[in-house]
Amino acid sequence: MNDAHTPRRDNEAGGKRRADPSEPPAPSSRREGATLAERAGLGEVQLPPGIVPEIAEGAIPDDERVWVPQAPDVWFRPLLLNTVSGGWCNLLRVRKSGVLSRHRHPMVVVGYVIRGRWRYLEHDWVAETGSFVYEPPGEVHTLVVPDDCAEMITFFSISGAMIYVDERGATVGYEDVWTKIDMCRAHYAGNGLGASYVDRYVR
């Protein structure tokens, strides 16, 4: 039987155990600057040799210089320039109405409209803000922005290439990941960001 005057331990009967100053502090799951892996108790993650770093940044840049001119009142903002499989992800920004280009793709293209709207002359649908678009390989289409759209911004993931054609369907030009890199490098070299700025998007 316990003596009535025996002091109760702090961890008994729901009491809290006092910290021992000789013990190392318990790891905090909310430590400032800790990665998710560290917060989960996994420690530092070691990547295999040769793994390139991830890309994680705001899609619409604060610095206007990041936008690369593609045509009058048309720009693209590189997000990923994939030299392994051949393709790229970018934002297309248009601040004019009318026909932009007639083209086709040898591989799949998907898009998501962030702002504004656009359509293809060959279809009766309109891609508006929030719309997802899938473009099948081989289809020829003509991109048009309506007169009442002041600005259109769309995310595109493009595989392979973009082949420009005339009204008869004959090839008049093309773009691929390598021409995109060259355009970015030339633009950044001339606007103060530096030619090597594009390297952060090349994988």
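Two strands count as paired if DSSP finds at least two bridges between them. By that rule β11 and β12, the latter spanning residues 171-175, are an antiparallel pair with 4 bridges. The model is predicted.

Start with the overall layout. The protein chain holds 2 helices and 12 strands. Read from the N terminus, the order of elements is α-β-β-β-β-β-β-β-β-β-β-β-β-α. The protein chain has 203 residues, and 32% of them count as buried. Among contacts with a separation of 6 or more, 61% link residues 24 or more positions apart. The protein chain exposes about 12,900 Å². Carbon and sulfur atoms supply 54% of that area.

Now return to β11. Both of its faces are covered. Met162 and Tyr164 lie on one side, Ile163 and Val165 on the other, and all four of these residues are buried. Buried here means a relative accessible area under 20%. In the pairing with β12, methionine 162 stands opposite glutamate 175. A hairpin is formed by β11 and β12, with 5 residues between the strands. Within this hairpin, glycine 169 takes a positive phi near 90°. β11 also has a partner in β4. These two strands run antiparallel and are joined by 2 bridges. Across that pairing, tyrosine 164 of β11 faces histidine 103.

Which residues lie closest to the centre of the largest pocket? The pocket itself offers about 270 Å³ of space. Its lining comprises 22 residues, and Gln70, Leu92, Ser101, Met162 and Tyr164 are the closest to the centre. Two or more lining residues come from each of β1 (68-71), β2 (74-82), β3 (87-94), β4 (98-104), β10 (152-159) and β11 (162-165). The lining divides into 13 nonpolar, 5 polar and 4 charged residues. Met162 and Tyr164 thus appear again: they share one side of β11, and both are listed among the residues closest to the pocket centre.

The loop between β1 and β2 holds aspartate 73. What is notable about the backbone here? Phi of aspartate 73 is positive, near 65°, in a residue other than glycine. Aspartate 73 has a relative accessible area of 38%, so it is partly exposed.

Next, move to β6, residues 117-120. Which of its side chains are buried, and which are not? The side chains alternate along the strand. Trp118 and Tyr120 point to one face and are buried. Arg117 and Arg119 point to the other face and are not buried. β6 pairs in the antiparallel sense with β7, residues 126-128, over 3 bridges. A hairpin of 5 residues joins the two strands. In this pairing arginine 119 stands opposite valine 126. β6 is also antiparallel to β9, with 2 bridges between them. There the bridge partner of arginine 119 is valine 144. Arginine 119 therefore has a bridge partner in β9 as well as a residue opposite in β7, given that strand pairing rests on DSSP bridges.

Valine 144 belongs to strand β9. Why does valine 144 count as buried? Its relative accessible area is 13%, and the cut-off is under 20%. Setting aside residues up to four places away in sequence, valine 144 touches Gly98, Val99, Trp118, Arg119 and Leu121. Arginine 117 is 27 residues from valine 144 in sequence, and their C-alpha atoms are 9.2 Å apart.

Valine 99 gives a view from the other end of one of those contacts. Valine 99 lies in strand β4. Beyond its neighbours within four places in sequence, it is in contact with Leu121, Thr142, Leu143 and Val144. Leu121 is thus listed for valine 99 and for valine 144. Between the C-alpha atoms of valine 99 and tryptophan 118 the separation is 10.0 Å, and the two are 19 residues apart along the chain.

One more loop remains. Proline 136 sits between β8 (132-135) and β9 (140-145). Is proline 136 buried or partly exposed? Proline 136 is partly exposed, because its relative accessible area is 31%. Valine 108 is 28 residues away along the chain, yet the C-alpha atoms of proline 136 and valine 108 are separated by 5.5 Å.

Methods. Residues numbered from 1 in each chain as written. Predicted model: local features only at pLDDT ≥ 70, side-chain atom pairs only at ≥ 80, totals over all residues. Heavy atoms only, no water. 1 Å grid on protein atoms, 1.4 Å probe; cavity = no way out; pocket = protein on both sides within 12 Å on 5 of 7 lines; lining within 4 Å. Points joined across faces, edges and corners; volume = space filled by probe spheres on them. Nonpolar A, V, L, I, M, F, W, Y, C, P; charged D, E, K, R; others polar. Buried < 20%, exposed > 50% of the residue type's maximum accessible area, 1.4 Å probe, protein only. Contact = heavy atoms within 4.5 Å. Areas by Shrake-Rupley, 256 points an atom, 1.4 Å probe, with all protein chains shown as cover.
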